[in-house]
Amino acid sequence: MASKLLHKIRHSLFKEETPETDLSAAAEDCPEISELDDDTEGLSSRLSGTLSFEGEQNVKHEDEGGSSEPESDLDVLEESLENDSEGTGFPAGQQPQPLLTVQLQEKWRRSRTRSIPEKVIFEVTNATVVQDHSSKFVLYTIHVIKSGQFDKCPGIITRRYTDFAKLHSHLRKHNKEDMEGIVFPRKKLRRNFAAETIGKRSRAFEQYLAHLYSIADLRRSPVFLDFFFFRDLVEGQSLLRAGQYEEALRCFVNAMNLQEKLGSWQQGNWLFTLASIVASFQELEQLEEAQEYCERALGDLSTHQEEKHPLLVPLLQANVRLSWKISKDKRHSEAHLQKLRDSGVDVGNQPSLKEYLIKESLESKK
């Protein structure tokens with residue numbers, strides 16, 4: 001059925017009529033034609049699946065008059081080609097030129113991705129049994145991914161069952177009404193390290209985090225957010241103090257990726273994260289990257305009009321030095337510092353950016 005429909009599409013596009021006798025003769029003379037026919041049938045079977053999109057934006061209700069039958073891949077391709085041929089505006093009697101293969105592929109790609117909504121996905125990618133002295137537990141690696149696009153930088157966390165249990169306990173304590181109906185996987189007394197148990201629990205944790213994130217008050221909860229990135233901030237600060245700047249940078253960048261995906265850049269830890277990335281790059285002599293993140297942090301500060309934020313002066317001073325070293329215009333930051341002096345701020349006695357970050361006391365919301 002699919003191969004016949006594909007043949008109709010070719011026929012409507014190229015308007016070619018090939019007699020059966022000529023085709024069979026050509027097949028005998030040129031065996032590649034028969035191979036092409038076989039490959040076409042394989043392509044037809046691959047195109048005969050159905051598309052399934054999640055999200056309310058893609059759900060058709062009965063009162064909209066739409067068909068409840070799912071469209072096949074081939075139906076979508078045929079509709080796309082028909083729409084293109086109808087909208088080309090060729091004069092009557094003039095046939096459109098055949099579309100190139102690459103154009104067909106591009107139209108097919110757009111037809112598959114045009115309706116996918118953007119959302120956050122929690123995926124357990126690995127589960128490892130860890131033996132720590134007398135303790136034995138399973139460590140779950142979870143990727144936090146922004147769907148609807150190709151996510152080059154997923155946020156990554158590693159958590160064990162007790163971490164999830166603590167999160168659940170704190171959320172039930174502070175968000176009792178929102179937590180009603182949210183199922184948490186029970187702890188087993190036996191077979192905790194069996195592959196079947198670990199697999200089922202991995203899927204359960206994915207569904208649990210997705211359920212929490214689907215509720216606005218929970219996904220904005222400091223307890224929920226700290227579960228993902230606070231550990232990276234604490235570890236990154238410790239590494240920064242120890243002079244291990246590459247390792248610290250990895251922690252801070254991962255914390256930034258997690259905050260971006262979870263929509264928590266307006267929280268208090270966001271500017272600390274960006275400033276820590278600046279300091280790490282600066283210590284690694286990657287000055288252009290340091291200046292870029294410094295500008296970003298200052299831009300977020302000005303957006304929120306936080307003129308009295310303790311990071312403002314250290315960031316401005318760092319930006320002046322970095323801009324001078326890489327030959328960028330530093331006059332805007334210098335003018336901002338002068339404005340602060342004129343308003344009575346003691347700019348000269350402020351700590352450097354690194355000094356502030358090392359001394360800052362990070363407090364969990366748990």
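Reader: Why does E285 count as exposed?

Author: The relative accessibility of E285 is 58%. A residue is called exposed when that value is over 50%, so E285 meets the condition. The model discussed here is predicted, and the value is computed from it.

Reader: Where does E285 lie?

Author: E285 belongs to the loop that runs between helix 11 (269-283) and helix 12 (287-303). Its phi is near 60°, a positive value although the residue is not glycine. Most residues other than glycine have a negative phi.

Reader: Which other residue, one other than glycine, has a positive phi, and what is its value?

Author: H133 has a phi near 55° and is not a glycine. H133 sits in the loop between strand 1 and strand 2.

Reader: What makes H133 count as exposed?

Author: H133 has 75% relative accessibility. Since the exposed class begins over 50%, H133 is placed in that class.

Reader: What do strand 1 and strand 2 form, and how many residues are between them?

Author: Strand 1 and strand 2 form a hairpin, with 2 residues between them, and H133 is in the turn. In detail, strand 1 (residues 120-132) and strand 2 (residues 135-146) are antiparallel and share 12 bridges. Two strands are said to pair when at least two bridges are found between them, so the 12 bridges satisfy the condition. As one example of position, A127 in strand 1 is opposite Y140 in strand 2.

Reader: How many bridges join strand 2 to strand 3?

Author: Strand 2 and strand 3 are joined by 6 bridges and run antiparallel. At least two bridges are required for a pair, and therefore these strands also count as paired. Among the partners, I142 is matched with I157 of strand 3, and V144 is matched with G155 of strand 3.

Reader: What is the order of the strands in the open sheet?

Author: The order is 1-2-3, and the 3 strands pair in the antiparallel sense. Strand 1 and strand 3 (155-160) are the edge strands, each pairing on one side only. On average, neighbouring strands of this sheet are turned by 20° against each other, direction ignored.

Reader: Which residues make up the covered face of strand 3, and which the uncovered one?

Author: G155, I157 and R159 belong to the covered face of strand 3, while I156, T158 and R160 belong to the uncovered one.

Reader: Which strands does helix 9 lie across?

Author: Helix 9 (residues 222-241) lies across strand 1, strand 2 and strand 3, and runs at about 95° to strand 3. Helix 10 packs on the sheet as well, touching strand 1, strand 2 and strand 3, with its direction at about 95° to that of strand 3.

Reader: How do you know that the span of helix 10 agrees with what it should be?

Author: Helix 10 (residues 245-262) has 18 residues, which at 1.5 Å a residue should span 26 Å. The C-alpha atoms at its ends are 26 Å apart, so the two values agree. Helix 10 is also mostly covered, with 13 of its 18 residues buried. G263 follows helix 10 and has a positive phi, near 70°.

Reader: What should helix 13 span, and how far apart are its end C-alpha atoms?

Author: Helix 13 (residues 312-325) has 14 residues and should span 20 Å at 1.5 Å a residue; its end C-alpha atoms are 20 Å apart, so the expected span is met.

Reader: What makes helix 13 mostly covered?

Author: Of the 14 residues in helix 13, 11 are buried. Among them are L312, V313, P314, Q317, N319 and S323. Helix 13 is followed by S327, which has a positive phi near 60°.

Reader: Why is C294 called buried?

Author: C294 has a relative accessible area of 0%. Buried means under 20%, so C294 falls in the buried class.

Reader: Why is C153 called partly exposed?

Author: The value for C153 is 41%. The partly exposed class lies between the 20% and 50% limits, so C153 belongs there.

Reader: How many disulfides does the structure hold?

Author: The structure holds 0 disulfides. A disulfide would require a pair of cysteine sulfur atoms within 2.5 Å.

Reader: What does the secondary structure of the chain come to?

Author: The chain has 15 helices and 3 strands. Of its 366 residues, 36% count as buried.

Technical notes:
Residues numbered from 1 in each chain as written. Predicted model: local features only at pLDDT ≥ 70, side-chain atom pairs only at ≥ 80, totals over all residues. Heavy atoms only, no water. Helix = DSSP H or I, 4+ residues; strand = E, 2+ residues; numbered from the N terminus. Expected span 1.5 Å × (residues − 1). Buried < 20%, exposed > 50% of the residue type's maximum accessible area, 1.4 Å probe, protein only. Axes fitted to C-alpha atoms, helices over the stretch in contact; angles between N-to-C directions. Contact = heavy atoms within 4.5 Å.
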